[in-house]
Amino acid sequence: MKITIFTLFPEMIRPFFTSSIMKRAVDKGIVEYEIVNFRDYAEGVHKKADDLPYGGGAGMVIMPEPLSKALDDYNATGKRVIFPTPSGKTFTEKYAEELSNEDELVFICGHYEGIDQRVIDTYVTDEITIGDYVLSSGETSTIVIIDALFRLIDGVITEESLEDESFNSSLLEYPQYTRPPRYCTKSVPDVLLTGHHGHITQWRCDQRLVKTMLNRPDLLSHASLSTEERERLLKILDSEDKRTCQRWILSEL
């Protein structure tokens, strides 16, 4: 996959591509990236890339000229161009899977009060929000989106590592433990020390159900739970959570 990022602050983006899993993906040739500072396309001594918004209001807006010139120079028209913005569509694991199948992605990092709408209308195919909150820069949101999708590309990490992660089958991931078996008065659950794969698998399934019910019950409306899984939820949860779960189950029947 080729990823091109248009930003005013390349220094915020570059370390992500030179560290950890992403670095290995780049070294293997699975991911190719380019970071473009569109301030280089601005005119004047000061390379001004923003200006006051028409109609008044606080803050500054990124001007259309330098960004459009940069996008044209890299032939962005016709490609999948993503603009992270609080007013976009919600980013999900399913959305990440869709984007991970693309051969090429272009990202525009907004800043200040955003970018001129005419740039969005001309080039952007996807306006995406990573949550119901506002960040000071589009660079942060861009890194989040890329981090979520690139790991789904074939060859980046193993299929086994993806199988039981959060949002797989609409359930959250089970708790993880490692050595030592006892730390600060807290012990690893006994079942994980037995070596009994069947019991361990069942424990992990139970934990996924419970964690999803407690932390993200909204996800259960999209999960395909078997009758056995629904019954196990009722047995595992305490009385208060059981009533919540019971109401959810009854509403789905």
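**Exercise 1: aromatic pairs.** Count the aromatic pairs in this predicted model and classify two of them.

*Solution.* Start with the rule: rings of Phe, Tyr and Trp (its six-membered ring) pair if their centres lie within 6.5 Å; planes under 30 degrees apart count as stacked, over 60 as edge-to-face and the rest as tilted. By this rule, the count comes to six aromatic pairs.

Next, take phenylalanine 17 and tyrosine 33: with 4.2 Å centre to centre and 15 degrees between the planes, this pair is stacked. Phenylalanine 17 sits in helix 1 (residues 10-17) and tyrosine 33 in strand 2, so the pair ties together parts that are 16 residues apart in sequence. Helices (H or I, at least four residues) and strands (E, at least two) are DSSP runs, numbered from the N terminus.

Then look at phenylalanine 91 and tyrosine 95: the ring centres are 6.0 Å apart and the planes at 45 degrees, so this pair is tilted.

Now check burial, where buried means under 20% relative accessible area, exposed over 50%, and partly exposed in between (1.4 Å probe, protein chains only). Phenylalanine 17 is buried at 1%, while tyrosine 33 is partly exposed at 27%. Phenylalanine 91 and tyrosine 95 are both buried.

Finally, ring pairs link Phe16, Phe17, Tyr33 and Phe150 into a cluster.

A bookkeeping note: residues are numbered from 1 along each chain as its sequence is written, and side-chain values use heavy atoms, leaving out hydrogens and water. Since we're on a predicted model, local features need pLDDT of at least 70 and side-chain atom pairs count only at pLDDT 80 or more, whereas totals for chains, interfaces and linings use all residues.

**Exercise 2: the sheet.** Work out the strand order and find what packs on the sheet.

*Solution.* Five strands make an open sheet in the order 2-1-6-5-7, with parallel pairing; two strands pair if DSSP finds at least two bridges between them. At the edges are strand 2 (32-37) and strand 7 (126-129), each pairing on one side only. From one strand to the next, the twist averages 30 degrees.

Zoom in on strand 5 (residues 80-90) and strand 7, which pair in the parallel sense over five bridges. Here isoleucine 82 has aspartate 126 in strand 7 as its bridge partner.

Helix 6 packs on the sheet, touching strand 1 (2-7), strand 5, strand 6 (104-108) and strand 7. Contact means heavy atoms within 4.5 Å. The direction of helix 6 makes about 160 degrees with that of strand 6.

**Exercise 3: a charged residue.** Place glutamate 139 and check its surroundings.

*Solution.* Glutamate 139 belongs to helix 6 (residues 138-150). Its contacts, skipping residues up to four places away in sequence, include Thr7, Phe9, Met12 and His111. Glutamate 139 is buried yet has no salt bridge, meaning a side-chain nitrogen of Lys or Arg within 4 Å of a carboxyl oxygen of Asp or Glu. The nearest side chain of opposite charge, arginine 39, is 8.8 Å away.

**Exercise 4: backbone oddities.** Find the cis peptide bond and two positive phi values.

*Solution.* The baseline: most residues other than glycine have a negative phi, and most peptide bonds are trans. The bond from arginine 179 to proline 180 is cis, with omega near 5 degrees. Proline 180 is in the loop between helix 7 (159-163) and strand 8 (182-183).

Lysine 47 has a positive phi of about 50 degrees and, at 33% relative accessibility, is partly exposed. For threonine 185, phi is near 70 degrees, and this residue is exposed at 65%.

Key. Lys and Arg count as positive and Asp and Glu as negative; His and the chain ends are not counted. Axes are lines fitted to C-alpha atoms, for helices over the stretch in contact, and angles run from 0 to 180 degrees between N-to-C directions.
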